[in-house]
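Dear colleague,

I am passing on a structure that I would like you to look through at your own pace. Please open it first, and then read my notes beside it.

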Amino acid sequence: MSEQQLFKVTIDNITIEVPAGTTILNAARQIGGDVTPPAMCYYSKLEGSGGKCRTCLVEVSKGSEKDPRPMPKLIASCRTTVMDGMEVKNITSEKVIDARAGVVEFLLLNHPLDCPICDQAGECHLQDLSYDHGKEGTRYEFERRTFKKHDLGPYIQLHMTRCILCYRCVYTADQLSKERSHGVLDRGDHAQIATFIEKSLDNEFIGNVIDVCPVGALTDKTFRFKNRVWFLKPMDAHRDCPTCSGKVTLWNRGDEVYRVTARKDKWGEVEDWICNTCRFETKNTSDWVIEGPREIDRHSVIAQGHYQGSVGMNKPTETFAAVNAGRAPHLLMDIHSVSEVNKDSSL
Amino acid sequence: MSVKLLLAKAHVEGIRGFDVYRREGGYQSVEKALKQMNPESIVEEVKKSGLRGRGGAGFPAGMKWSFIAKPEGVPRHLVCNADESEPGTFKDRYLMEFIPHLLIEGLIVSSFALGSNDTYIYIRGEYAWIVDILEDAINEAKANGFLGKNILGTGFDCEIHVQRGAGAYICGEETALIESLEGKRGNPRIKPPFPAIQGVWQRPTVVNNVETLAAVVPIINMGGEEYAKIGVGKSTGTKLISACGNINKPGVYEIDMTISVEEFIYSDEYCGGIANGKKLKACIPGGSSVPILPANLLLKTAKGETRYMNYESLSDGGFASGSMMGSGGFIVLDEDQCIVRNTLSLARFYRHESCGQCSPCREGTGWMEKILHNIEYGKGKISDIDLLWDIQRKIEGNTICPLGDAAAWPVAAAIRHFRDEFEWHVNNPLEAQEKNYGLAHYADPIHVPVTA
């Protein structure tokens with residue numbers, strides 16, 4: 001076996017060597033920072049995903065060393081592999097900036113923008129995308145498409161109105177479960193994710209569709225409206241799970257586990273798929289072995305809550321008794337005795 | 001009288017049946033191809049003929065055939081694209097309905113050239129009765145030894161299967177067609193890989209239009225070089241044009257691409273002039289997706305030359321002042337037609353037919369339709385026209401498949417050439433509900449700048 005061939009690719013004037021067969025997006029992710037195009041539908045763990053949302057469009061100003069012609073159209077970086085000597089323009093191309101702003105506008109066209117009441121707010125990729133690449137206003141003056149909310153079984157709620165049709169959940173169900181019972185119905189702007197006849201999604205790993213959803217279309221019913229994600233403290237934890245790896249992120253407030261999700265990397269992608277039991281049914285702190293705070297490596301509001309260090313599940317060492325020189329706290333006023341004032345004296 | 005290669009015998013009594021078709025010289029090309037030629041030489045003949053894909057894009061057919069991958073032990077497939085759903089295009093339907101054996105004959109020869117033992121005809125679901133016609137023709141061909149095992153004793157096996165679509169325009173796009181043929185949702189695939197490498201069931205596949213495959217028959221019979229002598233320049237052979245709209249004689253015509261657009265519209269041999277003595281206002285010369293042209297730019301190019309019915313001349317001037325041959329759906333609009341309304345109905349079509357896979361097309365087509373609806377019904381603003389332009393610009397070229405472009409072009413061309421009609425609609429909302437803008441200056445001769 002010969003060594004794997006390395007291709008030299010230049011993205012926004014930064015040159016990097018990557019193995020042949022790497023996509024432009026993944027090469028850009030190796031560089032990191034602003035050079036990386038945003039991706040709303042591509043998911044490295046899901047085979048066949050990508051190419052649909054068009055947010056990762058880039059300009060190829062030089063095809064390769066052998067064929068230096070530029071590509072005539074902008075191309076989806078998530079589905080195009082690099083060639084040796086390829087030169088790619090992402091944020092240095094005005095065409096790309098313009099097209100991407102257009103795509104963001106299109107994606108938000110029928111999106112309800114109900115972030116204040118959406119559970120995804122704070123960890124929503126569409127929020128990040130429109131903040132980074134969108135315009136401040138929309139030119140759309142028409143009614144947005146709406147759908148009824150659907151319960152997909154006891155754990156998952158589908159709110160199609162928010163969906164951007166990235167197909168990630170369809171691929172997840174296809175590749176994680178033996179039988180896929182949901183897909184896309186209808187066409188065009190009236191297309192919807194659905195189970196056709198209202199049917200619950202019943203599979204040990206189906207909860208992962210919540211994690212892959214870039215927006216708030218698929219939400220965890222055990223967590224809906226319980227708390228804003230940025231008030232919660234994410235912590236890595238694990239347990240012995242017979243079905244999955246058991247490696248999760250717990251989202252706590254105080255001692256209480258509000259929700260359990262899979263661990264997500266810096267691109268917002270799940271590291272290990274977790275099972276429904278871990279996700280929905282195991283919500284006692286005592287069920288888990290806590291490893292420590294989870295670093296949220298995204299620029300979302302969650303990362304704003306710096307809490308790293310000796311917080312998390314550590315109890316403060318200075319208890320009341322310690323500060324009070326060994327004396328136990330005593331009641332300043334016995335409410336019971338006070339309330340006796342109100343007793344009917346005639347009795 | 002121009003040369004007729006495809007429809008010459010289309011109206012012979014009983015030509016739909018095998019016996020009459022054979023008596024009229026049918027299936028000679030199969031005998032010639034299978035007995036005297038080898039696959040490579042057939043591909044070579046098709047290359048020499050200069051035959052261009054008749055489905056719309058006009059890509060050289062021989063070139064497409066030579067791209068097909070030939071890995072050892074992997075079956076290859078030929079798929080005939082009969083999912084003719086472009087508004088204004090009905091040439092394939094005519095060909096399959098009247099002379100089905102011509103298509104079957106072309107399919108056998110092409111299958112031999114490409115090494116396809118299982119060939120598929122993916123037909124538009126609405127063409128329900130044509131499925132029966134084709135299946136009868138296939139059975140007759142089989143009964144006479146032109147299909148099935150060991151055709152004409154040459155050892156070549158070939159079966160043709162007819163598969164009905166379920167009524168989606170998008171399935172005319174070759175990769176969406178392949179998905180649909182495999183039994184999946186008809187979403188276009190992301191290319192590469194191209195079908196020539198990984199098509200149906202990940203096997204090398206060629207997808208060709210009905211008319212392209214039928215044209216293989218005269219090419220084999222007369223030889224590629226002879227075929228290339230018909231027509232002009234890179235527009236070789238004959239082309240079926242389905243003419244419709246405000247003309248005296250709508251129908252399917254076979255032309256040899258040497259006649260002018262003016263002759264095609266006004267001569268009695270073809271469209272027979274504009275109906276009811278009206279004047280020509282505009283025309284969509286190649287099916288609903290191609291840019292619409294006003295009368296003056298249709299008959300003469302921007303340089304003042306006569307425009308001809310062929311690939312090069314119709315696209316002369318690019319999109320700024322030209323259009324495309326497309327699939328040959330020739331839609332003629334007279335002076336009473338409203339361009340805004342026409343553009344609205346096309347936008348509605350593309351919104352309805354967008355597969356919804358990629359965002360610009362899914363959201364953009366619906367947005368354009370709503371804005372056009374406002375303009376048509378007197379609720380438009382002047383800024384809407386620029387907005388439409390911006391939307392179409394952001395759809396075009398940014399989508400997975402050409403449907404995005406197809407949805408953007410008609411809107412772009414309508415605004416480019418008929419902007420004053422849009423403005424009139426916006427500025428006179430009440431009047432626009434009752435009457436049309438009319439012919440205005442759209443047929444006036446264009447000033448051609450004299451260059452030294």
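To begin with chain A, among the contacts between residues at least 6 apart in sequence, 62% join residues at least 24 apart. Please keep in mind throughout that this is a predicted model. Chain A contains eight helices and 14 strands, and of its 347 residues, 37% count as buried.

A good place to look within chain A is helix 4, which covers residues 168-176, and whose buried residues are Arg168(A), Cys169(A), Val170(A), Tyr171(A), Thr172(A) and Ala173(A). What covers these buried residues includes strand 8 (183-185), strand 9 (192-194), helix 5 (208-212) and strand 10 (218-220), which also belong to chain A.

The two chains touch each other, and the contact takes 25 residues from chain A and 24 residues from chain B. On the side of chain A, helix 2 (residues 94-109) gives the most, with six residues. Sorted by class, that side of chain A has 14 nonpolar, four polar and seven charged residues.

Turning to chain B, you will find an open sheet of five strands, in the order 9-8-12-10-11 and with mixed pairing. Its edge strands are strand 9 (251-255) and strand 11 (293-294), each of which pairs on one side only. Strand 10 (residues 280-284) of chain B runs antiparallel to strand 11 of chain B, and two bridges join them; if you follow Ala282(B) across to strand 11, you will arrive at its bridge partner, Pro294(B). As general background, strands of a sheet pair through backbone hydrogen bonds, either parallel or antiparallel.

Helix 6 of chain B (residues 100-114) has 15 residues and reaches 21 Å from its first C-alpha to its last, which is close to the 21 Å expected at 1.5 Å a residue. Because 15 of the 15 residues of helix 6 of chain B are buried, this helix is largely enclosed by the rest of the structure. Just after helix 6 of chain B comes Gly115(B), which takes a positive phi of about 75°.

Finally, is Glu44(B), with its 17 other C-beta atoms within 10 Å, buried or exposed? Glu44(B) sits in helix 3 (residues 39-49) of chain B, and it counts as partly exposed because 17 falls between the cut-off of 12 or fewer for exposed and that of 20 or more for buried. The C-alpha atoms of Glu44(B) and Gly224(B) are separated by 8.2 Å, although these residues are 180 residues apart along the chain.

With best wishes

Definitions and conventions. Residues are numbered from 1 along each chain as its sequence is written. Chains are lettered from A and ligands numbered from 1 in the order in which they are written. This is a predicted model: local features need pLDDT of at least 70, side-chain atom pairs count only at pLDDT 80 or more; totals for chains, interfaces and linings use all residues. Two strands pair if DSSP finds at least two bridges between them. Helices (H or I, at least four residues) and strands (E, at least two) are DSSP runs, numbered from the N terminus. Two residues are in contact if their C-beta atoms, placed from the backbone, lie within 7 Å. Ala, Val, Leu, Ile, Met, Phe, Trp, Tyr, Cys and Pro count as nonpolar, Asp, Glu, Lys and Arg as charged, and the others, Gly among them, as polar. The expected span of a helix is 1.5 Å times one less than its number of residues.
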